[in-house]
Amino acid sequence: MLTAEEFERLSIQDQADMVLGYGTELLERIFLDNIVKLYMLNGFYIEIWYQQIANSIKKVIVVELVNVLHLFENWI
């Protein structure tokens with residue numbers, strides 16, 4: 001099983017492929033011109049930042065639970 005630390009060492013493309021293929025989508029929020037989707041994969045949380053204008057994934061980041069609760073409190 002892949003750890004969060006191992007996941008962070010992957011390329012952004014490999015991270016996105018892994019999350020979209022094996023992760024569980026939990027929530028979604030809008031931040032400026034980005035759709036930010038929260039996923040769970042192997043027991044840790046990941047955000048995928050999709051920039052609508054550029055039609056591309058801007059970043060993929062591992063998020064700590066305390067930040068998940070803060071960032072998505074309006075949707076939980």
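# Two aromatic pairs and a four-stranded sheet

This structure holds two aromatic pairs. Before we look at one of them, keep in mind that the model is predicted.

Two numbers are worth looking for here: a pair of aromatic rings is described by the distance of the centres and the angle of the planes. For Phe-31 and Trp-49, the ring centres are 5.6 Å apart and the planes meet at 75°, so the pair counts as edge-to-face, which takes an angle over 60 degrees. Where do Phe-31 and Trp-49 sit in the chain? Phe-31 belongs to strand β1 (residues 24–31) and Trp-49 to strand β3 (residues 44–51), so this pair links distant parts of the chain, 18 residues apart. Phe-31 is partly exposed, at 39% relative accessibility. Trp-49, on the other hand, is buried at 9%. Trp-49 has another visitor too: Lys-59 lies over the face of its ring, at 4.3 Å from the ring centre.

## The whole protein

Let's step back for a moment. The protein has three helices and four strands. Start at the N terminus and you meet the elements in the order α-α-β-β-β-β-α. There are 76 residues in the protein, and 30% of them are buried. If you take the contacts with a separation of 6 or more, 30% of them are between residues 24 or more positions apart.

## The sheet

How are the four strands ordered in the sheet? They form an open sheet in the order β1-β2-β3-β4, with antiparallel pairing. Which strands stand at the edges? Those are β1 and β4 (56–63); each has a single partner strand, so one side of each is left without a neighbour in the sheet. On average, neighbouring strands are turned by 20° against each other, with direction ignored. As a bit of background, strands of a sheet pair through backbone hydrogen bonds, either parallel or antiparallel.

Now zoom in on β3 and β4. These two run antiparallel and are joined by seven bridges. You can pick out a few residues that face each other across them: Tyr-45 has Val-63 in β4 as its bridge partner, and Ile-48 stands opposite Val-60 in β4. Between the two strands of this hairpin there are four residues.

The sheet has company from a helix. Helix α2 (residues 12–22) lies across β1, β2 (34–41), β3 and β4, and runs at about 75° to β4.

## Two buried polar residues

Have a look at Glu-47, which is in strand β3. Is Glu-47 buried or exposed? At 2% relative accessibility, Glu-47 counts as buried, because the cut-off for that is under 20%. What does its side chain do there? The side chain of Glu-47 makes a polar contact of 3.0 Å with the side chain of Arg-29. A polar contact of 3.0 Å also joins the side chains of Glu-47 and Trp-49, the Trp of the edge-to-face pair with Phe-31.

Asn-34 is another one to find, this time in strand β2. Asn-34 is buried, with a relative accessibility of 1%. Its side chain has a polar contact of 3.4 Å with the side chain of Asp-33. Which residues does Asn-34 touch, leaving out those up to four places away in sequence? They are Arg-29, Trp-49, Tyr-50, Gln-51 and Lys-58.

## Residues with a positive phi

Last stop: the turns between strands. Most residues other than glycine have a negative phi, and most peptide bonds are trans. With that in mind, check the residues in this table.

| Residue | Place | Phi |
|---|---|---|
| Leu-32 | loop between β1 and β2 | near 55° |
| Asn-42 | loop between β2 and β3 | near 55° |
| Asn-55 | hairpin of β3 and β4 | near 55° |

How exposed are Leu-32 and Asn-42? Leu-32 is exposed, with a relative accessible area of 71%, while Asn-42 counts as partly exposed at 35%.

Notes
Residues numbered from 1 in each chain as written. Predicted model: local features only at pLDDT ≥ 70, side-chain atom pairs only at ≥ 80, totals over all residues. Heavy atoms only, no water. Phe/Tyr/Trp six-rings, centres within 6.5 Å; stacked < 30°, edge-to-face > 60°. Buried < 20%, exposed > 50% of the residue type's maximum accessible area, 1.4 Å probe, protein only. Lys NZ or Arg CZ within 6 Å of the ring centre and 35° of its normal. Pairing = 2+ DSSP bridges. Axes fitted to C-alpha atoms, helices over the stretch in contact; angles between N-to-C directions. Contact = heavy atoms within 4.5 Å. Polar contact = N/O pair within 3.5 Å; in protein donor to acceptor, adjacent residues only side chain to side chain.
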